[in-house]
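Here is a friendly briefing to read with the model open beside you. Keep your viewer handy and follow the residues as they come up.

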Amino acid sequence: MDRPGFMASLVAGGLAGVSVDLILFPLDTIKTRLQSPQGFNKAGGFQGIYAGVPSAAIGSFPNAAAFFITYEYVKWFLHTDSSSYLTPMKHMLAASAGEVVACLIRVPSEVVKQRAQVSASTRTFQIFSNILHEEGIQGLYRGYKSTVLREIPFSLVQFPLWESLKAFWSWRQDHVVDSWQSAVCGAFAGGFAAAVTTPLDVAKTRIMLAKAGSSTASGNVLSALHGVWRSQGLTGLFAGVFPRMAAISLGGFIFLGTYDQTHSLLLEVGRKSP
């Protein structure tokens, strides 16, 4: 991938990440509180729904930028003909690689953010300091495995579906999709992927919010899922599914639409520059 393409992916990905995370933060807070072990009302209900927003704001740009740089690079590295039956596999591998890299930045931000969302009276920096003091760096990466195990299946569904919908729409209208059309494809792909991966999101939330030293805090995803199933059944496994679908559908529209639009504009500016 050439330098203009690299810079365009970095900036477009970062701006897309910041846009979606800040706009949809209240929905994310509601989803987190619905999934928390103490229940929605005890976790804060509808009050203080911007608790934890500094953590999201700081982590959004580098997290999304890291994902898209990796995603575009792996797609370029595994270049195949657009009509090849291997194209969906290329998108799956690129998305998976992107998630593994991005989660190195996303998880610490997510741990701090989610604890702030269910403890709205505690300042974000204080939560960050407490984690470092009580658990060290490992505490910031609690839930890394569960986050990757959630994000990879999500991306395996979302990105090939997004790329396929764009390709189909382009074929039907006989020209490349516009940014708003890419955004619509992103909304459909994101909403569907969000629904089918909600149990993994519930497990990730429980692991990140668990008390240090508890069995759930160890990060065993299957154990966390089994605990939720045993205590709350199917309803517990799909807690927060509707705000999650709403947030990610709208997020997919904003995130992927913003990425495509910004990426195209930056490449156009790069071509015109001497």
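## Charges, rings and surface

E163 and K166 form a salt bridge in which the closest N and O atoms are 3.7 Å apart. Please bear in mind that this is a predicted model. The two partners both belong to helix α7 (residues 144-173), where they sit three residues apart, about one turn of the helix. E163 is buried, and K166 is buried too.

**Around W162 and K166**

- K166 also meets an aromatic ring: its charged end sits over the ring of W162, 3.8 Å from the ring centre.
- W162 is found in helix α7, the helix that also holds E163 and K166.
- Is W162 buried or exposed? With a relative accessible area of 1%, W162 falls under the 20% cut-off, so W162 counts as buried.
- If you like long-range reference points, W162 and P62 are 100 residues apart in sequence, and their C-alpha atoms are 22 Å apart in space.

**Aromatic pairs and a cluster**

- The structure holds 17 aromatic pairs.
- One of them is F68 with Y71: the ring centres are 6.2 Å apart and the planes stand at 85 degrees, so this pair is edge-to-face.
- The label follows from the angle, because planes over 60 degrees apart count as edge-to-face.
- Both F68 and Y71 lie in helix α3 (residues 53-77), three residues apart, about one turn of the helix.
- F68 and Y71 are both buried.
- Which residues make up the aromatic cluster that includes F68 and Y71? F67, F68, Y71, F159, W162, F255 and Y259 form this one cluster, so W162, with the charged end of K166 over its ring, belongs to the cluster as well.

**Salt bridges elsewhere**

- How many salt bridges does a search of the whole structure find? The search finds 17.
- E135 and R115 form a salt bridge, with their closest N and O atoms 3.2 Å apart.
- This pair links distant parts of the chain, since E135 is in helix α5 and R115 is in helix α4, 20 residues apart.
- E135 is buried, as is R115.
- D201 and K204 form another salt bridge, and here the closest N and O atoms are 3.9 Å apart.
- D201 and K204 are three residues apart in helix α9 (residues 198-209), so about one helical turn separates them.
- Both D201 and K204 are buried.
- D201 and K204 also belong to a wider network, in which salt bridges with shared partners join D28, K31, E99, R106, E110, K113, R150, E151, D201, K204 and R244.

**A nonpolar patch on the surface**

- L104, I105, F125, F128, L132, I137 and Y141 make a nonpolar surface patch of about 630 Å².
- The elements that give two or more residues to this patch are α4 (87-117) and α5 (124-135).
- Which element gives the largest share? Helix α5 does, with three residues.
- F128, one of the patch residues, lies in helix α5.
- The relative accessible area of F128 is 31%, so F128 is partly exposed.

**A loop residue with positive phi**

- D174 has a phi near 65 degrees, a positive value in a residue other than glycine.
- D174 is located in the loop between α7 and α8 (179-196).
- Is D174 buried or exposed? D174 has 70% relative accessibility, so D174 counts as exposed.

**Spans taken from the UniProt record**

- An unreviewed UniProt entry places the feature "repeat: Solcar" at residues 4-77, 86-168 and 177-265.
- In the model, residues 86-168 are 87% helix and 0% strand, with end C-alpha atoms 16 Å apart.
- Residues 177-265 are 81% helix and 0% strand, and their end C-alpha atoms lie 15 Å apart.
- The unreviewed UniProt entry also places the feature "transmembrane region" at residues 6-27 and 48-69.
- Residues 6-27 are 95% helix and 0% strand in the model, with end C-alpha atoms 32 Å apart.
- For residues 48-69, the chain is 77% helix and 0% strand, and the end C-alpha atoms are 34 Å apart.

How values were computed
Residues numbered from 1 in each chain as written. Predicted model: local features only at pLDDT ≥ 70, side-chain atom pairs only at ≥ 80, totals over all residues. Heavy atoms only, no water. Phe/Tyr/Trp six-rings, centres within 6.5 Å; stacked < 30°, edge-to-face > 60°. Helix = DSSP H or I, 4+ residues; strand = E, 2+ residues; numbered from the N terminus. Buried < 20%, exposed > 50% of the residue type's maximum accessible area, 1.4 Å probe, protein only. Lys NZ or Arg CZ within 6 Å of the ring centre and 35° of its normal. UniProt positions renumbered as here; feature names shortened; annotations may be inferred. Patch = residues over 30% accessible without salt bridge, like charges linked within 9 Å, V, L, I, M, F, W, Y side chains within 5 Å. Areas by Shrake-Rupley, 256 points an atom, 1.4 Å probe, with all protein chains shown as cover. Salt bridge = Lys/Arg side-chain N within 4 Å of Asp/Glu carboxyl O.
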